[in-house]
Amino acid sequence: QSRSSAASDVYKRQAEYGAPRHPLIMSTQNDVWHHINTIRVLSADTVQKANSGHPGAPMGMAPIAYLLWKKFLRYSPKNAEWPGRDRFVLSNGHACALQYVMLHLTGYHQWRMEDLKQFRQLGSPCPGHPEAHFPGIEVTTGPLGQGLASAVGLAIAEAHLAAHFNKPDFPIVDNYTYVFCGDGCLQEGVTSEASSLAGHLGLGKLILIYDDNLITIDGETELSFTEDVIKRYEGYGWHTLVVKDGDSNIEAIEAAIAAAKKVTDKPSIIKVRTTIGFGSAKQGTEAVHGNPLGPDDLANVKKKYGFDPTKSFDVSKETYDFFNHVEQGSKDENAWNQLFEKYSKEYPELAKEFKRRIIDKKLPDGWKQKLPKYEPGSAAEATRKSSGRVINALADTLPELFGGSADLNPSCFTYINNSPDFQKKTPQGRNVRFGVREHAMCAILNGLAAYGGFIPYGSTFLNFIGYALGATVLTALSQLRVLFIMTHDSIGLGEDGPTHQPIEKYMICRETPVMLFFRPADGNETSGAYACAIENAHRPSVISLTRQNVPQLKGSSIEGVAKGAYIIDDSDGKPDIILLATGSEVSLCIQAKQQLKEHKVRVISFPCWELYEDQDIKYKESLFPEGVPIISVETGSINGWGRYAHASIGMSTFGASAKDKDVFAHFGFTPENIVTKAKLAIEFYRGKNVPDLLHRPF
């Protein structure tokens with residue numbers, strides 16, 4: 001079905017309906033408008049009780065929410081993790097009172113009326129923006145645009161798994177992804193990136209409902225946002241629909257969603273004109289966007305809608321019965337379970353894989369045995385190339401590995417050689433061509449991880465993770481296993497210069513709660529980094545990799561990486577000094593040790609601060625004996641190293657454009673400079689108490 005014919009059908013049906021019914025007419029409790037208006041009033045009550053939040057969008061979008069949850073979404077309130085469910089994403093996360101109200105009304109037992117009354121309170125499952133830790137919330141949203149971009153990942157996940165698992169008469173994977181968004185989401189660059197890719201990929205089961213209420217925090221959208229959104233999305237290759245009256249013409253909204261579902265070769269956007277805060281004295285203004293209505297206005301709204309203004313959080317039995325989806329959801333889930341049981345008999349191996357990846361969420365037995373191992377003295381190799389070897393070594397054993405790079409496959413080495421691209425005509429492929437869209441790439445990875453059944457990865461140069469921080473922070477907040485494969489990780493990338501050389505990015509990653517930041521020294525440590533990243537099912541990982549070759553080191557260890565830090569080259573007896581390093585600088589410290597023959601030197605490789613912090617005190621004491629000075633060596637900012645080292649060789653400026661060896665020498669990353677600094681440290685602390693960095697009161 002073409003875009004134009006689908007749109008014509010909606011316009012034609014709109015014309016047939018004539019003048020819309022006005023929702024402010026006093027209604028009986030069995031009338032659909034009473035149920036819709038209950039959504040409006042209950043959302044406003046929720047915000048008012050907290051004296052904080054956003055009532056306007058929930059009140060304006062209530063008719064859309066009614067239709068979606070009542071007539072289109074497939075879900076099971078008894079089992080929020082049912083694999084056969086449709087996915088819903090509230091990209092305009094500030095409107096979360098609407099989502100919480102719908103989860104309550106439709107029968108999710110975790111979403112009680114008491115929880116709505118604790119909106120935005122400590123410990124409540126109703127935080128100020130949706131968080132995926134709670135049942136029925138697919139992805140964490142709030143920063144505008146992230147939800148829509150993550151939803152593209154959910155849609156990619158559905159398309160790939162359907163191509164991989166489905167067989168004739170067995171549509172095991174067959175769901176739609178529905179998204180609500182507002183004007184703010186569509187102003188964010190991440191949605192432009194993600195929507196462009198979604199159109200290219202023809203993600204026909206992605207349906208975006210755009211709440212076109214003409215208001216942002218500053219005021220009317222004409223202050224800053226006057227583009228034709230529909231023409232833009234036509235340019236992206238989307239199927240576009242417009243509903244001119246979203247306040248009361250529920251027939252037109254229903255027709256638009258039905259038409260969107262019929263167009264399966266491209267994603268759909270439905271632009272619905274609504275009135276923010278519909279029914280409020282402040283409707284249609286920014287005053288109702290981010291502030292409670294206030295007692296008087298809320299009471300008047302209730303009067304208009306036929307509710308008792310003296311009652312709050314008042315839902316009729318008729319409304320509960322109308323929205324309750326427990327019985328229907330259980331029927332749908334049971335039907336899917338029966339289908340899967342038959343599928344298991346017809347296709348036992350595929351069913352076993354589906355169950356492992358998506359239901360049980362387990363890794364296959366023996367997968368770590370596939371990790372590449374390196375012998376000391378074997379050919380030097382950039383860790384970005386070692387990373388590519390790991391991905392391809394694991395690809396057959398871990399079919400859930402799925403990802404790509406931001407137009408950098410020749411540089412990042414993240415291509416799975418035995419798989420085609422994931423494209424519109426080849427959705428079974430596992431290589432995603434993200435294009436030069438770093439921010440969207442990382443947000444899409446969040447959607448893939450949230451869907452389940454994937455270990456998604458994305459790659460670019462480490463410095464360009466800065467483009468994607470809005471997404472990567474949500475990865476950590478959501479506790480998603482996503483692998484960010486970041487190459488060209490230091491001034492060692494050389495000639496591209498300081499615009500491409502990360503200095504502060506190490507610490508940005510390390511300072512992000514939950515996130516693991518790995519900087520492997522050689523091939524074995526690269527394998528170890530992947531082992532840890534894959535095993536940590538609830539933590540994202542940044543794997544920071546060199547452009548330049550590094551030697552395969554004696555003493556390097558896959559297992560050592562899991563400790564975060566370990567002795568790679570030890571001294572005879574208690575050391576005089578400890579050299580602590582990450583990545584390419586570990587080999588420099590080993591070379592420096594060889595020149596410090598008159599001193600006892602211990603070299604510690606420190607690939608992951610976060611995993612080191614997880615170790616017990618006895619292990620830490622075994623690495624760092626009392627009274628020994630420690631020098632850290634790393635080509636990033638020295639900030640943070642004071643926790644582990646008494647002195648640091650690092651960066652306090654931006655880098656420079658030159659050959660990698662010349663840049664290293666210019667900034668002091670040479671064995672000779674490390675030797676000089678080590679001697680200075682030994683002499684400085686001679687006869688003095690060396691501060692204890694290990695033992696702290698808390």
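1. The structure holds 0 disulfides, a disulfide being a pair of cysteine sulfur atoms within 2.5 Å. The sulfur of C185 has its closest cysteine sulfur in C181, at 5.1 Å, which is too far for a bond. C608 is in no disulfide either; the nearest cysteine sulfur to that of C608 belongs to C532 and is 7.2 Å away.

2. This is a predicted model, in which local features need pLDDT of at least 70 and side-chain atom pairs count only at pLDDT 80 or more, while totals for chains, interfaces and linings use all residues. Residues are numbered from 1 along each chain as its sequence is written, and side-chain values use heavy atoms, with hydrogens and water left out.

3. Are these two cysteines, C185 and C608, buried or exposed? Buried means under 20% relative accessible area, exposed means over 50%, and partly exposed lies in between (1.4 Å probe, protein chains only). C185 has a relative accessible area of 1%, so C185 is buried. C608 counts as buried too, at 0% relative accessibility.

4. One open sheet has 5 strands in the order β1-β2-β3-β7-β6, with parallel pairing. Its edge strands are β1 (87–90) and β6 (239–243), each of which pairs on one side only. Neighbouring strands here are turned by 15° against each other on average, direction ignored. Strands and helices are DSSP runs numbered from the N terminus (strands: E, at least two residues; helices: H or I, at least four). Two strands pair if DSSP finds at least two bridges between them. Axes are lines fitted to C-alpha atoms, for helices over the stretch in contact, and angles run from 0 to 180 degrees between N-to-C directions.

5. Strand β7 (residues 268–273) runs parallel to β6, and 5 bridges join the two. T240 has I269 in β7 as its bridge partner. Helix α3 (residues 56–72) packs on this sheet, touching β1, β2 (177–182), β3 (206–212) and β7; contact means heavy atoms within 4.5 Å. The direction of α3 makes about 175° with that of β2.

6. A second group of 5 strands forms an open sheet in the order β17-β19-β18-β20-β21, and here the pairing is mixed. β17 (566–569) and β21 (647–651) stand at the edges with a single partner strand each, so one side of each has no neighbour in the sheet. The twist averages 30° from one strand to the next. Helix α22 (residues 585–595) lies across β17, β18 (577–581), β19 (601–605) and β20, at about 170° to β19.

7. Strand β20 (residues 630–637) is joined to β21 by 4 bridges, and the two run parallel. S637 stands opposite M651 in β21. β20 also pairs with β18 in the parallel sense, over 4 bridges, and I578 has I630 in β20 as its bridge partner. β20 is mostly covered, with 8 of its 8 residues buried.

8. The largest nonpolar core has 74 residues. Such a core is a set of buried Ala, Val, Leu, Ile, Met, Phe, Trp, Tyr and Cys residues joined through side-chain atoms within 4.5 Å. Helix α6 (residues 146–165) gives the largest share of this core, 12 residues. Among the residues with the most contacts inside the core are I156, L206 and V542. Leaving aside neighbours within four places in sequence, L206 touches residues including A151, V179, W238 and P267. Another core, of 57 residues, lies apart from this one and has W33, V47, F72 and Y100 among its members.
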